[in-house]
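Could you walk me through this fold, one question at a time? I would like to see how the pieces fit together.

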Amino acid sequence: MTTTKHLLTSVEMARFVANGFHRMDAIVPSDLNERALPVFDAGHQSLPHVDYGTPVKRAFPEGSISRELVELPEVAGALQSLIGADPTVDHHAIHIREPHEGSAQPLHGDAIIDTRQDAFDVQLMYYPQEVTADMGGTLSVPGSHLRRTNESDTGRYQNLRGQTRLTCPAGTVVLLHHGIWHGGRRNDSDIRRYMYKIRFNPTVPQVRTWDVSDLDDPQVSAELSAYHPWSEHATSRLEIHNRIKVWRALTNDPSFDIDYWATRVANRPGRV
Ligand SMILES: O=C(O)CCC(=O)C(=O)O
C-alpha cells in the first residue's frame, strides 16, 4: 500500500471515530467486480489460505482480486489512514446470503470483549454487485463500536434506532472498526448476495496516519460530538468520552478534550 494521495482528512477520521465506519460507494471498477463474482460464487475454498498475521503482499499474490482491491488508490489511502502502513491480514472470508434463506444473522461484533482504546482492527467489506433493499444487506449500528460487548451478546436485539441496512451500488467498499455491531440481514430476493471481508491488524502505532493538515478544524470536535439515536441522551455522553480517549491516542495529544469532560474526570490533584 504505497499511495499517500487518497488519505482521509482529520474530519473524515473523526467521523470514523464517531460512527465506526467509512463508506466508499462504487469505487471498484466494473471489470474487477465482474471477475470477483464467479470467484465469490465458488465460495470460501476459492480464496487462498492465509495464516493469521500475514503481511498483505504475502497474503495476496500480485494479480489476485484481493491484491487489486486493496491497492485501489481510494482503498489503500483509507486503509493507510485508519490502520497505518503495512498492516497484516488477520483473516478473510466470503459471506453469502442465499435467496429466500428465511432468516437473518443475529447482531454481533466480530470479537470477544476487546478493551483496546489506543488501537483497533479494520474490517473491509466489499460488495461486487448492487445490493438492493430486499437482498439482505449488512445491518450495522453506527456508533456502537466503542460499546464493549462479547461477540453475539447483542443477538437478542432485533432492531435498534439508527441502525442502517446497507443498500449500495456495485463496487462499494466499507471499512469498519472491528467493534461495530453488525449482521447479515435476511435475503428475500431471488439473487445470491456476496460480501467479501478482510480483517486487518495494525503493525505500527495508529498515530497521525492520515492527512493531518486540518487537525485544528472545529468540525473535528463537532464530528466527535455526534449523538446516535440508539442510546439515551445522557448515555451518549459515555460514547463521546470514549471517542475523546480514542482521539487522544490517534493524535498522541493527551490534552485533547471536548467540553472539559475527560480532563475533569482525570483530575487527581497531588497524585503522580
Ligand atoms: O453477510 C453479512 O452481510 C455480514 C456477515 C458478517 O459480517 C459476519 O458474519 O460477521
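What follows is a set of questions and answers on a predicted model.

Me: Happy to start with the helices: are α1 and α7 parallel, antiparallel, perpendicular or oblique to each other?
Reply: Helix α1 covers residues 10-19 and helix α7 covers residues 233-251, and the angle between them is about 140°. Angles over 145 would count as roughly antiparallel, and 65 to 115 as roughly perpendicular. The two helices are therefore oblique.

Me: Which residues of α7 make the contact with α1?
Reply: The axes of the two helices lie 10 Å apart, and α1 passes α7 in a right-handed crossing. From α1 come M13, A14, V17 and A18. By class, the contact has seven nonpolar, no polar and one charged residues. On the α7 side, the residues are R243, V246, W247 and L250.

Me: Let's turn to the sheets. Which strands stand at the edges of the six-stranded one?
Reply: This open sheet has the order β1-β7-β4-β9-β3-β2, with antiparallel pairing. An edge strand has a single partner, so one side of it is left without a neighbour in the sheet. The strands in that position are β1 (21-24) and β2 (54-55).

Me: What is the bridge partner of R97 in β9?
Reply: R97 lies in β3 (88-97). Strands β3 and β9 run antiparallel and are joined by nine bridges. In β9, the partner of R97 is R193.

Me: And which strands of that sheet does helix α5 touch?
Reply: Helix α5 spans residues 73-83 and packs on the sheet. Its direction makes about 5° with that of β7 (172-177). The strands touched by α5 are β1, β4, β7 and β9.

Me: Which residue stands opposite S140 in β6?
Reply: The three-stranded open sheet has the order β6-β5-β8, with antiparallel pairing. Here β6 (164-165) and β8 are the edge strands, each with a single partner. Two bridges join β5 (residues 138-140) to β6. Opposite S140 stands T164.

Me: Finally, the ligand: which strands each supply at least two residues of the shell around it?
Reply: The residues around the ligand are H95, R97, Q105, D110, T138, H182, G184, M195 and K197. By class they divide into one nonpolar, five polar and three charged. The strands that each supply at least two of them are β3 (88-97), β8 (182-184) and β9 (193-201).

Terms used. Residues numbered from 1 in each chain as written. Predicted model: local features only at pLDDT ≥ 70, side-chain atom pairs only at ≥ 80, totals over all residues. Axes fitted to C-alpha atoms, helices over the stretch in contact; angles between N-to-C directions. Helix = DSSP H or I, 4+ residues; strand = E, 2+ residues; numbered from the N terminus. Parallel < 35°, antiparallel > 145°, perpendicular 65-115°, else oblique. Left-handed = near helix turned anticlockwise from the far one by under 90°. Contact = placed C-beta atoms within 7 Å. Nonpolar A, V, L, I, M, F, W, Y, C, P; charged D, E, K, R; others polar. Near = placed C-beta within 6 Å. Pairing = 2+ DSSP bridges.
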